[in-house]
Amino acid sequence: MYVDEAQIVSQCLKGDTEAFGKLVSRYQGAVYATAFYYVGRYGAAEDIAQEAFLAAYRSLPRLKDPARFGPWLKEITCRTAANWLRRHAKRFRAETPLPFRRTVNIEDLREGPSGLLERGERYERVQ
């Protein structure tokens, strides 16, 4: 059964620590992915994710719209990652450089004119 985020947040505000565990389970992948996008290191991304969830838990009473917990948590994660980068700037630059923003080559898998012709001929043979 899907429970609305606003309900879970209100349970957290009432002192239900297990409710916050539900939010962590729901968002841990997204938070980790966001952190990894910024720092490009597995261990650092785990640390940042943990710090972001802790900051969110402490700041939960200041969340104005409980239904917007996800975007609010993403903002906290981005700030936490930026702070981590500032704290570790010297060491981060001194290590073997990793591409900060990874580029991915995506092959165009659409069929060209010859592929369309072959597919049409194959279809006719099957018919």
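These are my notebook entries on a predicted model of a single chain.

**Entry 1: confidence**

I began with the confidence of the prediction, and I found that the chain averages a pLDDT of 82, with 80% of the residues scoring at least 70. I then looked up where confidence is lowest and where it is highest: the low end is helix 5, residues 89-94, at a mean of 64, and the high end is helix 3, residues 42-59, at 93. I keep a caution beside this entry, since predicted coordinates should not be read in detail where pLDDT is low.

**Entry 2: overall make-up**

Next I looked up the secondary structure, and I noted six helices and zero strands in the chain, which gives the pattern α-α-α-α-α-α when read along the sequence. Of the 127 residues, 31% count as buried. I also looked up how the contacts are spread along the sequence: of those with a separation of 6 or more, 57% are between residues 24 or more positions apart.

**Entry 3: helix 1 against helix 2**

I turned to the pair formed by helix 1, residues 5-13, and helix 2, residues 17-39, whose axes come within 8 Å and cross at roughly 140 degrees. Angles over 145 degrees would count as roughly antiparallel, and the two helices are therefore recorded as oblique to each other. On the side of helix 1 the contact is made by Glu5, Ile8, Val9, Gln11 and Cys12, and on the side of helix 2 by Ala19, Phe20, Lys22, Leu23, Arg26 and Tyr27. I sorted the residues of this contact by character and wrote down seven nonpolar, one polar and three charged.

**Entry 4: the loop between helix 3 and helix 4**

Two prolines of this loop went into the notebook, and I started with Pro66, which has its place between helix 3 and helix 4, the latter spanning 69-87. Pro66 is partly exposed, with a relative accessible area of 25%. Leaving aside neighbours within four places in sequence, I found Pro66 in contact with Glu5, Ala6 and Val9; Glu5 and Val9 are also among the residues through which helix 1 meets helix 2. Between Pro66 and Glu5 I noted 61 residues in sequence and 6.9 Å in space, C-alpha to C-alpha.

Pro61 lies in the loop between helix 3 and helix 4 as well, and I entered Pro61 as exposed, at 62% relative accessibility. The C-alpha atoms of Pro61 and Cys12 are separated by 9.3 Å, with their positions 49 residues apart along the chain.

**Entry 5: the cysteines**

How many disulfides does the model hold? Taking a disulfide as a pair of cysteine sulfur atoms within 2.5 Å, I recorded a count of zero. I also checked the burial of two cysteines, and both came out under the 20% cut-off: Cys12 is buried at a relative accessible area of 8%, and Cys78 is buried at 19%.

**Entry 6: Glu51**

My last look-up was Glu51, which is found in helix 3, the helix with the highest confidence in the chain. Is Glu51 buried or exposed? At 33% relative accessibility, Glu51 counts as partly exposed, because that value falls between the limits of 20% and 50%. Setting aside neighbours within four places in sequence, I noted contacts of Glu51 with Thr80 and Arg87. I also looked up Trp84, 33 residues from Glu51 along the chain, and the C-alpha atoms of these two are separated by 9.9 Å.

Definitions and conventions:
Residues are numbered from 1 along each chain as its sequence is written. This is a predicted model: local features need pLDDT of at least 70, side-chain atom pairs count only at pLDDT 80 or more; totals for chains, interfaces and linings use all residues. Side-chain values use heavy atoms; hydrogens and water are left out. Buried means under 20% relative accessible area, exposed over 50%, partly exposed in between (1.4 Å probe, protein chains only). pLDDT is the predictor's confidence in each residue, from 0 to 100. Helices (H or I, at least four residues) and strands (E, at least two) are DSSP runs, numbered from the N terminus. Axes are lines fitted to C-alpha atoms, for helices over the stretch in contact, and angles run from 0 to 180 degrees between N-to-C directions. Angles under 35 degrees count as roughly parallel, over 145 as roughly antiparallel, 65 to 115 as roughly perpendicular and the rest as oblique. Contact means heavy atoms within 4.5 Å. Ala, Val, Leu, Ile, Met, Phe, Trp, Tyr, Cys and Pro count as nonpolar, Asp, Glu, Lys and Arg as charged, and the others, Gly among them, as polar.
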